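Me: I would like to learn how to read a chain interface and a group of aromatic rings. Could you take me through an example?

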Amino acid sequence: MNRSLFAARAGRRCLAGLCAGVLLCGCAQEEKRYSGLEFELSSAPPATVAVQPRHIGLPAGIAVKVSMRIQSSELPFERHDALVLRARDPEVLELFSAGDDRQIFFAGNDPGTTCLEVRVNGVLEDCIDVSVTSQQ
Amino acid sequence: MKPPSPTVLAALVVATSCLLCGCETDLQGDKAPGELGGGAFRYDCFGTTDLACSNGEVSFPQAVAVGARFSIAYEPEAGPVPRVVAGSSASLASLPGGFEMKRAGYAALLALNAEREGVDLRHVRGAHVAQLQVSADAGVGLSQLRLQAGESHVLRAIPLDRFGVKLGGALSYRWWSSDEAVLQLQSTEDSNRALVVAGEAGQALLSVQVGKQAAFELEVTVEAAANAVEDGAEREGSGLSQDGGQR
């Protein structure tokens, strides 16, 4: 009788431990989580431009080539993760491909504001504020 | 003194026709490096009225006049030749064979490969024509013109921005004389050059206008050949007096 009670208790403990282990493993599994775009200028425009994770600003008529890196709060994004950018209003900001999806040309067109849609692996992750100003 | 006969005028026109029209269309363009360093942008003559394409050579202009047409191609260091497109359609209008500067300020040009991928870029500055200068072909700006009856000169209009920078690009010019009996003008349509021929003694106002942007007026005095007197400040052997001459 005592022996069977002991076995039942041990079985329950094992089951509980197994469940806890599974839960712990599940919680600890990291994934790629978009946290922003990091820009770096690849050309030297003749006027001041701003390419920051939350804001892009450039004068109308000016174009600039930039390199980009997808920021993640967990596992880093890799080269094969697809990045697609699109200006909501191409009358304000025109985009030109630069050969791979981690480089692009921004060209200020008409003065105004819009936002730059950021899609990573097909998911709309962000819309970065864009302002195009008149040249002085 | 009688004005020159139609025969003399016709001969002068033929003799100077090369200066007034299209002998410069085969000029080799001037190059400037792309901002990404993969090749060079080549400025070509869009038309014969482009100041950057005058006097037998082409120079990449510091700035292009608003409203002017110009042509730019790209020469890569190696490989297929990309085509050049306007980075901003609001700044530059694409025309067959070239572009038109639509507003003042910098305008980006991009060189795109066959896959429509940007390989290089360059900015061109656009500026309004603030002043016009008129000069003899080899000279500086004129403030007044003194001619002997029968004398002729080829004059050229030079568009300048507000800083005095010469502006490139093909523009449309209009020349006229206040008194055709004193001063006759021969100019092909839209040309930045005109042949002026002194007629009978007197005074006339020579005017030239580029688009609606700027105008220039030059006082011209025609003297009878026997009484011709050179202005002391003028170049020896010429009736052209020089200074800024802008308006």
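**Rings and interface**

Reply: Start with one residue of this predicted model: Phe70(B) is buried, at 0% relative accessibility.

Me: Which ring pairs with that of Phe70(B), and how are the planes set?

Reply: A pair counts as tilted when its planes are neither under 30 degrees apart nor over 60. The rings of Phe70(B) and Phe99(B) have planes at 40° and centres 6.0 Å apart, so this pair is tilted. Phe99(B) is also buried, with a relative accessible area of 4%. Phe70(B) is in strand β4 and Phe99(B) in strand β7 of chain B, so the pair ties together parts 29 residues apart in sequence.

Me: Which residues do ring pairs link into a cluster?

Reply: The cluster holds Phe70(B), Phe99(B), Tyr43(B) and Phe60(B). The rings of Tyr43(B) and Phe60(B) are tilted too, with centres 5.6 Å apart and planes at 55°. Tyr43(B) is buried at 1% relative accessible area, and Phe60(B) at 16%.

Me: How do I read the interface, and how much area do chain B and chain A bury between them?

Reply: Take the extent, then the polar links. About 1500 Å² is buried between the two chains, 57% of it on carbon and sulfur atoms. In contact are 22 residues of chain B and 23 of chain A.

Me: How many salt bridges are there between chain B and chain A?

Reply: The count is one: Asp110(A) with Arg103(B), whose closest N and O atoms are 3.5 Å apart. On the chain B side, β8(B) gives the most, with six residues. By class, that side has 11 nonpolar, seven polar and four charged residues.

Technical notes
Residues numbered from 1 in each chain as written. Chains lettered and ligands numbered in written order. Predicted model: local features only at pLDDT ≥ 70, side-chain atom pairs only at ≥ 80, totals over all residues. Heavy atoms only, no water. Contact = heavy atoms within 4.5 Å. Buried area = accessible area lost by both parts, 1.4 Å probe. Salt bridge = Lys/Arg side-chain N within 4 Å of Asp/Glu carboxyl O. Helix = DSSP H or I, 4+ residues; strand = E, 2+ residues; numbered from the N terminus. Nonpolar A, V, L, I, M, F, W, Y, C, P; charged D, E, K, R; others polar. Phe/Tyr/Trp six-rings, centres within 6.5 Å; stacked < 30°, edge-to-face > 60°. Buried < 20%, exposed > 50% of the residue type's maximum accessible area, 1.4 Å probe, protein only.
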